[in-house]
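Biologist: Please take a close look at the aromatic side chains for me, and then carry on to the charged ones. I would like one connected account, with the cut-offs spelled out as you go.

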Amino acid sequence: MIFTETNLPGAFIIDLEEKPDHRGFFARTFCAQEFADHGLKPTVAQCNLSFNHQKGTLRGMHYQVLPAAETKLIRCTQGAIYDVIVDMRPDSPTYLSHIGVELTAENRRALYVPEMFAHGYQALTDGAEVVYQVGEFYTPGYERGLRYNDPLLDISWPLTVTEMSEKDRNWELLESSLVGV
């Protein structure tokens, strides 16, 4: 695997290191030792799959707070998505900063999301399928979220939003919940 740290400390893009032969190729997609060697938490508590019928569908922005904070390893296995993470660590120099990464079945790229980062994505194709390896169990009382169109974040989604859950549509805006921002 090829680990590239983003401008948000602790968040990595992970590309495959393909070993080709006449049959195709082989590549490792996860190794606890390699993750630990890069300072990443290699725990996998759950593995989730989401499928999106329609391009433009938006899921997120979700995170869990301590003691149930989650790491995530996100990979698109069918179609394409635009994946966004937001640094929610109050003491971080990149607090409330975000990045967006295109993950596709063709580029086979993954995004490692550290604890205390909000995560969401938009389907860029019909039939986009996403696999998440999650480092903590889903714990509803510790779940938090950000509004996808919060002006304080100024996230530029590539497509018009066509579908999303009511919960995601109605997260509170940050300026009404943050003091001193």
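Modeller: Happy to. Let us begin with the aromatic cluster, a single group made up of Phe 3, Phe 12, Phe 30, Phe 35 and Tyr 112. Before going further, please keep in mind that this is a predicted model, in which local features need pLDDT of at least 70, side-chain atom pairs count only at pLDDT 80 or more, and totals for chains, interfaces and linings use all residues. Residues are numbered from 1 along each chain as its sequence is written, and side-chain values use heavy atoms, with hydrogens and water left out.

Two rings of Phe, Tyr or Trp (its six-membered ring) count as a pair if their centres lie within 6.5 Å; planes under 30 degrees apart make the pair stacked, over 60 edge-to-face, and the rest tilted. Across the whole structure, a search turns up 6 aromatic pairs. One of them is the edge-to-face pair of Phe 3 and Phe 35, with 5.4 Å between centres and 80° between planes. Phe 3 sits in strand S1 (residues 2-5) and Phe 35 in helix H1 (residues 32-37), so this pair ties together parts that are 32 residues apart in sequence. Helices (H or I, at least four residues) and strands (E, at least two) are DSSP runs, numbered from the N terminus.

How well covered are these rings? For accessibility, buried means under 20% relative accessible area, exposed means over 50%, and partly exposed is in between (1.4 Å probe, protein chains only). Phe 3 counts as buried because its relative accessibility is 13%, and Phe 35 is buried too, at 1%. Phe 35 also pairs with Phe 30, and that pair is tilted: 4.8 Å centre to centre, with 50° between the planes. Phe 30 itself is partly exposed, its relative accessible area being 27%.

Now to the charged side chains, starting with Arg 75 in strand S7 (residues 72-78). Arg 75 is buried, with a relative accessible area of 13%. If we set aside neighbours within four places in sequence, Arg 75 is in contact (heavy atoms within 4.5 Å) with Leu 16, Thr 29, Arg 108, Arg 109, Ala 110, Glu 129, Val 130 and Val 131. Its side chain reaches two backbone oxygens: that of Arg 108 at 2.5 Å, and that of Thr 29, which lies 3.4 Å from a polar atom of the Arg 75 side chain. A polar contact is a pair of N or O atoms within 3.5 Å; within protein, one must be able to donate a hydrogen and the other to accept it, and residues adjacent in sequence count only if both atoms are side-chain atoms.

Arg 109, among those contacts of Arg 75, leads us to the salt bridges. A salt bridge is a side-chain nitrogen of Lys or Arg within 4 Å of a carboxyl oxygen of Asp or Glu, and the structure holds 9 of them. Asp 15 and Arg 109 form one, with their closest N and O atoms 2.8 Å apart. That pair links distant parts of the chain, 94 residues apart: Asp 15 is in strand S2 (residues 12-15), while Arg 109 is in the loop between strand S9 (98-104) and strand S10 (110-113). Asp 15 is buried at 17% relative accessibility, whereas Arg 109, at 26%, is partly exposed.

Another salt bridge joins Glu 115 to Lys 41, with 2.9 Å between the closest N and O atoms. Glu 115 is in the loop between S10 and strand S11 (117-123) and Lys 41 in the loop between H1 and strand S5 (46-52), so here the pair ties together parts that are 74 residues apart in sequence. Glu 115 is partly exposed at 27%, and Lys 41 is partly exposed at 30%.

Let us finish in helix H2 (residues 166-169), where Asp 168 lies. Glu 166 and Arg 169 meet there in a salt bridge of 3.6 Å, N to O; being 3 residues apart in the helix, they are separated by about one helical turn. Glu 166 is exposed at 51%, and Arg 169 is partly exposed at 33%. Asp 168, by contrast, is buried yet has no salt bridge, the nearest side chain of opposite charge being Lys 167 at 5.3 Å. In that search Lys and Arg count as positive and Asp and Glu as negative, while His and the chain ends are not counted. The Asp 168 side chain does make a polar contact of 3.3 Å with the side chain of Trp 171. Beyond its neighbours within four places in sequence, Asp 168 is in contact with Leu 58, Arg 59, Gly 60 and His 62.
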